[in-house]
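Got the viewer open and a cartoon drawn? Keep the selection box handy, and we'll walk through this one stop by stop.

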Amino acid sequence: FGKFFKNTDYLICMDYNNLTIIGTSHIAKQSLDDVGKAIEGGNPGIIALELDERRLYGLFRKPGKIRLYDIKRVGIKGFLFSLIGAWAEKKLGKMVGVAPGSEMKNAVRLAKKYNIQIALIDQDIEITLKRFSKSLTWKEKWNFIADILKAIFMRKKVIEFDLTKVPSKKVIKKLVGEVKKRYPNIYKVLIEERNDVMANNLKKIMEAHPDKKVLAVVGAGHEDDILELIKKPSISYSFKVG
């Protein structure tokens with residue numbers, strides 16, 4: 001389960017006991033194909049997704065209107081980050097011809113087709129955005145503005161990779177390293193804390209269903225840390241299987 005996914009350019013699949021983790025890019029055609037092959041060829045009993053209920057439902061419905069209530073719930077900085085992130089993903093998705101989150105939608109469709117359980121293992125998006133709003137520092141705000149200005153006026157390409165494919169481990173490590181260096185609080189909230197949640201939820205699923213193959217579909221860059229955390233003592237987090 002998973003062995004047919006390893007190749008010389010990318011290592012997008014990791015195995016541990018009854019768990020296989022696939023690292024994906026949300027706008028990559030490669031990820032869309034890989035998820036389909038993993039489900040149809042690997043015969044998992046549970047498909048665990050890097051989603052919460054809100055994001056899952058959001059994938060299958062049209063975007064709603066912006067409401068003041070949304071800003072109050074997650075904070076102005078969290079709201080703006082969500083808005084900018086969604087815009088950027090949509091723009092890049094149009095460039096490569098793949099809608100953001102297509103690999104997750106494909107996983108859900110195939111789970112329904114083959115009657116496979118779905119587990120939502122990510123932290124509630126509202127909690128993440130609230131944490132983001134509270135954690136973002138003035139230094140990180142200025143770094144963000146400076147990085148945007150550099151990108152616009154200097155047009156310097158720091159890291160290049162093919163958007164239609166999942167970035168290599170080397171590229172991902174470099175990108176994550178840059179985020180951790182220039183935006184330590186963003187790294188903690190968006191990557192580190194969510195890795196803890198997903199790892200502990202996956203560990204609980206594996207322990208509760210030792211006889212079932214578990215296929216986890218997460219964003220590329222999460223899989224190494226998640227696998228390492230799974231081997232450590234659990235922290236109490238909840239998960240939803242349905």
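What follows is a tour from the whole chain to its strands, cores and helices, with two loops at the end.

**Before you click**

This is a predicted model, so local features are described at pLDDT of at least 70 and side-chain atom pairs only at pLDDT 80 or more, while totals for chains, interfaces and linings use all residues. Residues are numbered from 1 along each chain as its sequence is written, and side-chain values use heavy atoms, with hydrogens and water left out.

**The whole chain**

Start with everything on screen: the chain has 10 helices and six strands. Helices here are DSSP runs of H or I with at least four residues, strands are runs of E with at least two, and both are numbered from the N terminus. Of the 242 residues, 42% count as buried (under 20% relative accessible area; exposed is over 50%, partly exposed in between, with a 1.4 Å probe and protein chains only). Take the contacts (heavy atoms within 4.5 Å) between residues at least 6 apart in sequence: 85% of them join residues at least 24 apart.

**Stop 1: the strands**

Select 19–24, which is β2. Six of the six residues of β2 are buried, so this strand is largely enclosed by the rest of the structure. Turn it to check both faces: Leu19, Ile21 and Gly23 sit on one side, and Thr20, Ile22 and Thr24 on the other. In a regular strand the side chains alternate between the two faces of the sheet.

Now add 214–219, strand β5. Six bridges join β2 to β5, and the two run parallel. (Strands pair if DSSP finds at least two bridges between them.) Two places to look are Leu19, opposite Val214, and Ile22, opposite Val217. β5 is mostly covered too, with six of its six residues buried.

Next, bring in β3, residues 46–49. Ile46 and Ala48 point one way, Ile47 and Leu49 the other, and all are buried. Four bridges join β3 to β5 in parallel; Ile46 stands opposite Val214, while the β5 partner of Ile47 is Leu215. Finish with 117–120, which is β4: four bridges join it to β3, again running parallel. Here Ile46 has Gln117 as its bridge partner.

**Stop 2: the cores**

Show side chains for Ile39, Ile47, Leu49, Leu51 and Val217. These touch the most other members of the largest nonpolar core, which has 19 residues. Such a core is a set of buried Ala, Val, Leu, Ile, Met, Phe, Trp, Tyr and Cys residues joined through side-chain atoms within 4.5 Å. Which elements give two or more residues to this core? They are α1 (29–42), β3, α2 (53–59), α5 (102–113), β4 and β5. α5 gives the most, with five residues.

Center on Leu51. Leaving out residues up to four places away in sequence, Leu51 touches Leu56, Leu59, Met104, Leu120, Ile121 and Asp122. Apart from the largest core lies another, of 18 residues, among them Ile121, Met198, Ala199 and Met206. In soluble globular proteins, nonpolar side chains tend to be buried together.

**Stop 3: the helices**

Select 169–182 (α8) and 184–208 (α9). They pack at an angle of about 120°, with axes 5 Å apart. That makes α8 oblique to α9. Axes are lines fitted to C-alpha atoms, for helices over the stretch in contact, and angles run from 0 to 180 degrees between N-to-C directions. Under 35 degrees counts as roughly parallel, over 145 as roughly antiparallel, 65 to 115 as roughly perpendicular and the rest as oblique. For the contact itself, display Val176, Val179, Lys180, Lys181 and Arg182 of α8 with Pro184, Tyr187 and Ile191 of α9.

Then move to α10, residues 223–230, where Glu223, Ile226, Leu227 and Ile230 are buried. They cover an arc of only 95° around the axis, which puts them on the same side of α10; the arc is that of the directions from the helix axis to the C-beta atoms.

**Stop 4: two asparagines**

Asn17 is in the loop between β1 and β2. Its phi is near 55°, a positive value in a residue other than glycine. Asn17 counts as exposed, at 66% relative accessibility.

Asn115 lies in the loop between α5 and β4. Asn115 also has a positive phi, of about 55°, and counts as exposed at 73% relative accessibility. To tie this back to the strands, draw a distance from Asn115 to Ile46: their C-alpha atoms, 69 residues apart along the chain, are separated by 9.6 Å.
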